[in-house]
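Here's a quick tour of the pockets in this protein. Take a look at the model first, then we'll go through what lines them.

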Amino acid sequence: MNRTLVLIKPQAVDRGLTGKIVSRYEEKGLKIIALKMCVANDELLAKHYEEHVEKSFYSELLKAMQQGPVIAMVLGGSDAVTAARVLNGATDPVKAAPGTIRGDFGLEMENNVVHASDSIQSAMREIKLWFPDVQ
Ligand code: CMP
């Protein structure tokens, strides 16, 4: 059993996809341990995406993530980190397989629908950032 952080990105929230996307994780068997809707501030996003700070797309990424509210969730279950990444599909939605969340709902890298932690270590770090009160 482990936990992961999942974000439903602002454009997907704006498109009214929250319910469908949350269902994918729940139908897989992942449990919602915490969930909130919030507009992410600069400080939180800078910490969350610190590994991308030097990348050419960093400022566009931060802009896209602040277009509106995100849904942030802590999901738990058997190998939750891997399960959420596989459900999400490839980072580039054009290349993501049909049946995955990005494959079914996305078309552009900057608006790739969802984020999920890429390792157990990242998950622990990201959960602390987004949900400091969750034990
Ligand atoms: P995410 O899983 O949130 O992690 C980092 C994000 O950066 C990624 O999803 C994409 O939204 C974005 N990203 C990664 N690579 C690129 C790229 N080459 N061009 C634009 N955005 C990117």
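Let's begin with the second largest pocket, whose lining is made up of Asn 2, Arg 3, Ile 120, Ala 123, Met 124, Ile 127, Lys 128, Phe 131, Val 134 and Gln 135. Keep in mind that this is a predicted model. After that comes the largest pocket, which holds about 430 Å³ of space.

**Second largest pocket**

- The volume here comes to about 180 Å³.
- Two elements, strand 1 (2–8) and helix 7 (120–130), put at least two residues each into the lining.
- Helix 7 is the top contributor, chipping in five residues.
- Sorted by class, the lining of the second largest pocket has six nonpolar residues, plus two polar and two charged ones.

**Largest pocket: who's in the lining**

- How many residues line the largest pocket? There are 20, and those nearest the pocket's centre are Tyr 49, His 52, Phe 57, Thr 91 and Asn 112.
- Charged residues number eight in this lining, alongside six polar and six nonpolar ones.

**Largest pocket: which elements contribute**

- Helix 4 (58–65) and strand 4 (114–116) both supply at least two lining residues.
- Which element gives the most to the lining of the largest pocket? That's strand 4, with three residues.

Note on methods: Residues are numbered from 1 along each chain as its sequence is written. This is a predicted model: local features need pLDDT of at least 70, side-chain atom pairs count only at pLDDT 80 or more; totals for chains, interfaces and linings use all residues. Side-chain values use heavy atoms; hydrogens and water are left out. On a 1 Å grid over the protein atoms alone, a cavity is a set of points where a 1.4 Å probe fits but cannot get out, and a pocket is an open set with protein on both sides within 12 Å along at least five of seven lines; lining residues have an atom within 4 Å of a point. Grid points are joined across faces, edges and corners, and a volume is the space filled by probe spheres set on the points. Helices (H or I, at least four residues) and strands (E, at least two) are DSSP runs, numbered from the N terminus. Ala, Val, Leu, Ile, Met, Phe, Trp, Tyr, Cys and Pro count as nonpolar, Asp, Glu, Lys and Arg as charged, and the others, Gly among them, as polar.
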